[in-house]
Amino acid sequence: MNAAAPVAPSSPHVMNTYGRLPIALSHGKGCRVWDVNGKQYLDALAGIAVNTLGHGHPKLVPALQDQVAKMMHSCNYYHVPDQERLAQMLVERSGLTNVFFCSTGLEANEATLKLARKFGHGKGIERPEIVVYEKAFHGRSIATLSATGNPKVQAGFGPLVEGFIRVPVNDIEALRKATEGNPNVVAVFFETIQGEGGVNPMRAQYLQDVRALCDERDWLLMIDEVQCGMGRTGKWFAHQWAGIKPDVMPLAKGLGSGVPIGAVVAGPKAANIFAPGNHGTTFGGNPLSMRAGVETIRIMEEDGLLENAATVGAHLRGVLEKALLGRPGVKEIRGQGLMIGIELTKPCGMITQRAADAGLLLSVTADSVIRLVPPLIMTTGEADEVAAILLPIIEQFLSENP
């Protein structure tokens, strides 16, 4: 009997908005996934830092099955008990005050920008301005696109929203100079570690300096933890390594282990800016996503995944650094925990396909940065597998037209 011909994935009725690989995934278990043709891959992308608990987690699946059978959606005309449970969990782990729930990181960032503007209007500022950063990525709505620091993704969508002041990362004097004497500044908004911008971390001292400047000038410190939060660096939120607290913290991605969820966590200075009618959402805070968030945090703590992210991440980075640092064509290896970027000296987008051909899922961002954001359940053995597959691909790539 002849084997079935391989399926060639295509999506002719879907808008052509993604540069997709010719792969359609079927199912997964742990850190491994299989495509519709039965090929196995080691997942070092986790749906872009989303699948915190990997795939088919034996504690998460039955909890979500239970919730689906009870209730998936309830609008916000009514109390949703797991909203309060998840909000309390996030408040306790962040040291902040209260939470607004939505469905995506873009929505969380949009709400954050609205909070800043309303904060400014409350102070009598008619045209509030927000400091944002070069290479930042906050989403693709018109407002979050305007806050994003990537001309490529902004092209063709003007006019952009006004009210943003852009500065470079890790330069406190540049921030001071850009805002000096400007009474309209209301907030500073950044990612602790830029994800789409190339895995660029903010230095601890810089974070502390910005916190102090915001206190001095009565600005909101708004930290986008959508990609680098939820334990990815080895602490609940990446800014906690610097010993600071933001006034506003958007979250999403890993919070629901694959179920769409976003959140805005606010500290005392921002906790009461929104009043009834100021903001809302249809899907945000629904029972299914809230259960996913509650169970994700519970399982992360039961299974020690913060410590695992720090340990396995340090191991993987060490293996990569030993093999690559000092190698011509390798500019830098950076990041923290299980958020690692390998910057090469030339564009390397083709490595995404080459890695997939070899059974490894990853991404290339900012043209020349190989990004690794695997599930937080990854073991050191699996990290060694990642390196064993990836290192020869990088070596081969760098040997071509060096």
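Let's start with threonine 352 and ask which residues, leaving aside its neighbours within four places in sequence, it is in contact with. In this predicted model, threonine 352 touches Leu21, Leu362, Ser363 and Val364, once those sequence neighbours are set aside. Threonine 352 belongs to helix H11, which covers residues 351-357. Is threonine 352 buried or exposed? Threonine 352 has a relative accessible area of 16%, and since buried means under 20%, threonine 352 counts as buried.

Now please find glycine 195 on your screens. You'll see glycine 195 in the loop that joins strand S8 (193-194) and strand S9 (200-201). Glycine 195 is buried too, with a relative accessible area of 0%. What is glycine 195 in contact with, leaving aside its neighbours within four places in sequence? The list is Gln227, Met339, Thr365 and Arg371. And if you'd like a distance to try on the model, take glycine 195 and methionine 350: from C-alpha to C-alpha they are 19 Å apart in space, and in sequence they are 155 residues apart.

On to the helix pairs. Two packed helices are described by two things, the angle between their axes and the distance between the axes. Let's use both on our first pair, helix H10, residues 305-324, and helix H12, residues 380-399. Their axes come within 10 Å and cross at roughly 25°. Angles under 35 degrees count as roughly parallel, so H10 and H12 are roughly parallel to each other. The crossing of H10 and H12 is right-handed. Which residues make the contact? From H10 we have Val312, His315, Leu316, Val319, Leu320, Ala323 and Leu324. From H12 come Thr380, Ala383, Asp384, Val386, Ala387, Leu391, Ile394 and Glu395. Sorted by class, the contact of H10 with H12 holds eleven nonpolar, two polar and two charged residues.

Our second pair is helix H2, residues 60-70, with helix H9, residues 287-302. At what angle do H2 and H9 pack? The angle is about 155°, and the axes are 10 Å apart. Angles over 145 degrees count as roughly antiparallel, and H2 and H9 are therefore roughly antiparallel to each other. The crossing of H2 and H9 is right-handed. On the H2 side, the contact is made by Leu60, Ala63, Leu64, Asp66, Gln67 and Val68. On the H9 side, Pro287, Leu288, Arg291, Ala292, Glu295 and Ile299 take part. By class, the contact of H2 with H9 has eight nonpolar residues, one polar and three charged.

Next, the strands. There is an open sheet of four strands, in the order S1-S2-S3-S15, and its pairing is mixed. Which strands sit at the edges? They are strand S1 (25-29) and strand S15 (360-361), each of which pairs on one side only. S1 and strand S2, residues 32-35, pair in the antiparallel sense over four bridges. If you want to see where they line up, look for glycine 28, which stands opposite valine 33 in S2.

Elsewhere, strand S5 (residues 129-133) pairs with S6 in the parallel sense, over four bridges. Which residue of S6 is the bridge partner of valine 131? That would be isoleucine 165. In a regular strand the side chains alternate between the two faces of the sheet. Keep that in mind for strand S6, residues 164-167: Ile165 and Val167 form a covered face, while Phe164 and Arg166 form an uncovered one.

Let me finish with some backbone details. Which peptide bond is cis, with omega near 0°? It is the one from glycine 158 to proline 159. Proline 159 lies in the loop between helix H6 (151-154) and S6.

Then there are two residues with positive phi. Alanine 49 has a phi of about 65°, although it is not a glycine. Alanine 49 is placed in helix H1, residues 46-49, and it is buried, with a relative accessible area of 3%. For aspartate 218, also a residue other than glycine, phi is near 60°. Where does aspartate 218 lie? Its place is the loop between helix H8 (204-217) and strand S10 (220-224). Aspartate 218 counts as partly exposed, at 35% relative accessibility.

Thanks for listening, everyone!

Conventions. Residues are numbered from 1 along each chain as its sequence is written. This is a predicted model: local features need pLDDT of at least 70, side-chain atom pairs count only at pLDDT 80 or more; totals for chains, interfaces and linings use all residues. Side-chain values use heavy atoms; hydrogens and water are left out. Axes are lines fitted to C-alpha atoms, for helices over the stretch in contact, and angles run from 0 to 180 degrees between N-to-C directions. Angles under 35 degrees count as roughly parallel, over 145 as roughly antiparallel, 65 to 115 as roughly perpendicular and the rest as oblique. A crossing is left-handed if the near helix is turned anticlockwise from the far one by less than a right angle, and right-handed if clockwise. Contact means heavy atoms within 4.5 Å. Ala, Val, Leu, Ile, Met, Phe, Trp, Tyr, Cys and Pro count as nonpolar, Asp, Glu, Lys and Arg as charged, and the others, Gly among them, as polar. Buried means under 20% relative accessible area, exposed over 50%, partly exposed in between (1.4 Å probe, protein chains only). Two strands pair if DSSP finds at least two bridges between them.
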